[in-house]
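Trainee: I should be grateful for a close look at a single part of this structure. Please take me through it in one connected account.

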Amino acid sequence: MKRMLTARQLLLTIVIGLSSLSTQVSMAMTNVSPVEKDSIIIQKLNSNKNHTINLYTNASQQVLFFSASGEEGKIYQLLLFRQQGKLIKSSKVRNRETTVVSKPEKGNYYFEVFSDDTRIESGTIVVQ
């Protein structure tokens, strides 16, 4: 004679099965090594109210962008230094232009932005 499960017994069997599956998925996820993703952290130390300087990355943190806006006709120069003081990149943009600065290697950097020999902004960049 076949025995029929009650609705409560059936529900309990499903819950126990799902719980077991959830535990197996959890255990499998803990054994997966996380994918390390590079990140670029930009910190401005000082800025100028008459000029807007933007240093930012794309969503995948693979490219660094530099743009500036302020007075019409101005040229802005970004200088990127290694922590030891060695200049590794110099890039110029005109007012309201954007340029791509290739992503530096992992490490700590210092940047300065000048216009007409006047420092407009400075800060640090950490590439991890």
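Mentor: In this predicted model, Ser-60 is found in the loop that runs between β2 (52-57) and β3 (63-69). Ser-60 is partly exposed, as its relative accessible area is 33%. A partner more distant in the chain can also be named: Asp-38 is 22 residues from Ser-60 in sequence, and the two C-alpha atoms are 8.3 Å apart in space.

The strands on either side of this loop belong to a sheet. That sheet is open and has three strands in the order β2-β3-β6, paired antiparallel. β2 and β6 (97-102) are the edge strands; each has a single partner strand, so one side of each is left without a neighbour in the sheet. On average, and with direction ignored, neighbouring strands of this sheet are turned by 20° against each other. Between β3 and β6, which run antiparallel, there are six bridges. Ala-68 has Glu-97 in β6 as its bridge partner.

Strand β2 also leads to another residue, Glu-121, because Ile-53 is among the residues in contact with Glu-121, and β2 covers residues 52-57. Glu-121 itself lies in strand β8 (residues 118-127). Glu-121 counts as buried because its relative accessibility is 2%, and the cut-off for buried is under 20%. The side chain of Glu-121 makes a polar contact, at 3.2 Å, with the side chain of Lys-44. Leaving aside neighbours within four places in sequence, the contacts of Glu-121 also include Asn-46, Ser-47, Asn-48, Phe-111, Glu-112 and Val-113.

Conventions:
Residues numbered from 1 in each chain as written. Predicted model: local features only at pLDDT ≥ 70, side-chain atom pairs only at ≥ 80, totals over all residues. Heavy atoms only, no water. Helix = DSSP H or I, 4+ residues; strand = E, 2+ residues; numbered from the N terminus. Buried < 20%, exposed > 50% of the residue type's maximum accessible area, 1.4 Å probe, protein only. Polar contact = N/O pair within 3.5 Å; in protein donor to acceptor, adjacent residues only side chain to side chain. Contact = heavy atoms within 4.5 Å. Pairing = 2+ DSSP bridges. Axes fitted to C-alpha atoms, helices over the stretch in contact; angles between N-to-C directions.
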